[in-house]
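Q: Could you walk me through reading a fold, one feature at a time?
A: Gladly; let us look together.

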Amino acid sequence: MARKTIMPNIAYDTQRRSFYVTLRGAPGPEGVPRRVVRCYPTLERALQVLNEHQAQRTLSQGKASKDLTVGQWLCYWLENVVRPSRSASTTHGYTMIIRNHLVPALGAIRLDQLTTAQVQDYLNGKQAEGLCSNTVRKHHGVLHNALEHARRRELIVRNVAEQASRPSAQTPVHHYYDSETMARLFEVLAGTTMEPVVKLAGYLGLRRSEICGLKWSHVDRAAKVITIAEARTAVNGRSVDKETKNRSSVRRLGYEGLADLEEVIERLWRQREEEKARLGDEYVDRGFVLCHDGGLPYQPDYLSNRLQRVLARTNLPYVTLHGLRHSFASIAHSRNVPLFGISRALGHSSTATTTQIYMHLFDETHLSVVQAVGQAIDPGEA
């Protein structure tokens, strides 16, 4: 076996192309330190495990923070604080930031010696590398949260990320359709498997994850009410079934009187029953409303990619599935639907969230306010 040590406690096997991590524990009854060797496919993952193990050992022995590095603390915090309490998608995002950015840049610094200047240099450097301002702000947020947890545990005196200046937030560019363009999209996709997907997004404002996670147990066909209670998202190439984004995202949406959507829902039900009868035990019934032939649910990215392939064959403007959710908000606003109602239908925690996300769609409201005041002061302006 061609295994060579490349750094303390990590070796690389050139034949198996794997990294071996030696994790050393406290001495056993015979006084010999316990030793466990584990194998990982990447150096980044091997370093993460080693850092987390060394931090765990340091903290369990009650040693001072001078024995902890920033990298060790970040990996410990990720595994013991973030992973047990956050969703799989959030944990994956934190992992990528810590493993690919924070640890390589700041990991070797002692936790109690990290300075605000070093944090600021890190943030400035990431912007210079070409990362957008919003992404760098996420990096700062992850580091700030980890250091704040260390401060509460009295491992450090102060959170040095507190004084670092984050870049200004950038307003994302949203692509959305008006009602006429949405109708054209529906016509193009009529009779295809993408028709229900875009209509659930366009008529109800559902997130992609909510469309993929919708089950028949949450569709009341008699009352014509859909309950949004589950989501299906992609994490590191794998689909993960989970609860909705937050408590406010759990909502009931009626579609009675919307003949187009009523017909789509009933057609999907008939197709499901016919396919179950035809395939028998070969049908994989996991209860999803939208699925491949045979019952297996869609991957979220699969639907996004299919929509883009359809758009590439038409003269319709670019839009994403999430852009159809933006379109729902825009069309509702253009019909003078109250902001509170739009916010509840979208599953936002407050109208402030809706306003922050969709301010670019609602700007014309300011014009109507100004015109109303002007007409009140000077009726001749009417």
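Q: Which helices do the buried residues of α5 pack against?
A: This is a predicted model, where local features need pLDDT of at least 70, side-chain atom pairs count only at pLDDT 80 or more, and totals for chains, interfaces and linings use all residues. Residues are numbered from 1 along each chain as its sequence is written, and side-chain values use heavy atoms, leaving out hydrogens and water. The buried residues of α5 (under 20% relative accessible area, 1.4 Å probe, protein chains only) pack against α2 (70-85), α3 (88-106) and α4 (116-128). Among those buried in α5 are Val 136, His 140, Leu 143 and Leu 147. Just after α5, Glu 154 takes a positive phi of about 60 degrees.

Q: How should I read the faces of strand β9?
A: In a regular strand the side chains alternate between the two faces of the sheet. Here Arg 251 and Leu 253 point to one face and are buried, whereas Arg 252 and Gly 254 point to the other and are not. Arg 251 is also the bridge partner of Ile 228.

Q: Which residues have the most contacts inside the largest nonpolar core?
A: In soluble globular proteins, nonpolar side chains tend to be buried together. A nonpolar core is a set of buried Ala, Val, Leu, Ile, Met, Phe, Trp, Tyr and Cys residues joined through side-chain atoms within 4.5 Å. The largest has 42 residues, and Leu 185, Leu 200, Ile 226 and Leu 324 have the most contacts inside it. A separate core of 34 residues includes Trp 77 and Tyr 122.

Definitions and conventions: Buried < 20%, exposed > 50% of the residue type's maximum accessible area, 1.4 Å probe, protein only. Helix = DSSP H or I, 4+ residues; strand = E, 2+ residues; numbered from the N terminus. Pairing = 2+ DSSP bridges. Contact = heavy atoms within 4.5 Å.
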